[in-house]
Amino acid sequence: MTVSLDDLAARLAALEDKEAIRALKARYLRACDLKQVDVLRDSFAPGPIRIAYQGFPEFTERDAFVAVYESMACQGGVYDIHHATNWAIDLTGPDSARGLWSLNFRTILTGPRQVVRLAVEYEDVYRREAGRWWIVDTVSRVTSQIVEQIGEDGSVTVLALAEAPAA
């Protein structure tokens, strides 16, 4: 089998683009966990975008989303863990791509003494502008959830163990 240098260059470029998108998603999720608001904002393209996370209003620009994120997550007693896996990235053009991700999300809420665990599926659209990749459209759907109440004595009571509500 003969492979041309042009073919190898195209394959290498595709691998580099997919790795850049994986790094973008990792930066976004890490920023969510570490409450790095500027990094979180910088994951989304400036201008019109779409953020449609189940259970939240739909956002059409990043600053409105970031404001809601800050009001909910950037306060004492809220500890989040976002672990994305099972990625599938398809390059749809020279500067566009789609991605699917499975998310294992957990939030620890010390005020109400709760742990919430969600399984979430993301569908993202990415665009390259000015040499870097941005998230331009992201939709999430919860596939299962569990809510645990932690008693003063450390006992755990399951409040909800269920499939996600129908969309």
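Biologist: This is a predicted model, right? What is Phe44 in contact with, leaving aside its neighbours within four places in sequence?

Modeller: Yes, it's predicted. Leaving those neighbours aside, Phe44 is in contact with Tyr28, Ile49, Ile51, Tyr53, Arg62, Phe65, Trp134, Ile135 and Thr138. Contact here takes heavy atoms within 4.5 Å.

Biologist: And which residues have the most contacts inside the largest nonpolar core?

Modeller: Phe44 again, along with Tyr28, Leu40, Phe65 and Tyr126, in a core of 34 residues. Elements giving two or more residues to this core include helix H1 (5-34), helix H3 (62-73) and strand S5 (132-150).

Biologist: On to the cysteines. How do you know that Cys32 is in no disulfide?

Modeller: A disulfide needs two cysteine sulfur atoms within 2.5 Å. The sulfur of Cys74 is 9.2 Å from the closest cysteine sulfur, in Cys32, so that's too far for a bond. The structure holds zero disulfides.

Biologist: Why is Cys32 called buried?

Modeller: Buried means under 20% relative accessible area. Cys32 comes in at 4%, so it counts as buried.

Biologist: What makes Cys74 partly exposed?

Modeller: Its relative accessible area is 33%. Partly exposed lies between the 20% and 50% cut-offs, so Cys74 fits that label.

Biologist: Last one: which residues lie nearest the centre of the largest pocket?

Modeller: Phe56, Met72, His82, Phe105 and Leu118, out of 27 lining residues. The pocket's volume is about 720 Å³. By class, the lining has 20 nonpolar, six polar and one charged residues, and H3 gives the most, with five residues.

Methods
Residues are numbered from 1 along each chain as its sequence is written. This is a predicted model: local features need pLDDT of at least 70, side-chain atom pairs count only at pLDDT 80 or more; totals for chains, interfaces and linings use all residues. Side-chain values use heavy atoms; hydrogens and water are left out. Buried means under 20% relative accessible area, exposed over 50%, partly exposed in between (1.4 Å probe, protein chains only). A nonpolar core is a set of buried Ala, Val, Leu, Ile, Met, Phe, Trp, Tyr and Cys residues joined through side-chain atoms within 4.5 Å. Helices (H or I, at least four residues) and strands (E, at least two) are DSSP runs, numbered from the N terminus. On a 1 Å grid over the protein atoms alone, a cavity is a set of points where a 1.4 Å probe fits but cannot get out, and a pocket is an open set with protein on both sides within 12 Å along at least five of seven lines; lining residues have an atom within 4 Å of a point. Grid points are joined across faces, edges and corners, and a volume is the space filled by probe spheres set on the points. Ala, Val, Leu, Ile, Met, Phe, Trp, Tyr, Cys and Pro count as nonpolar, Asp, Glu, Lys and Arg as charged, and the others, Gly among them, as polar.
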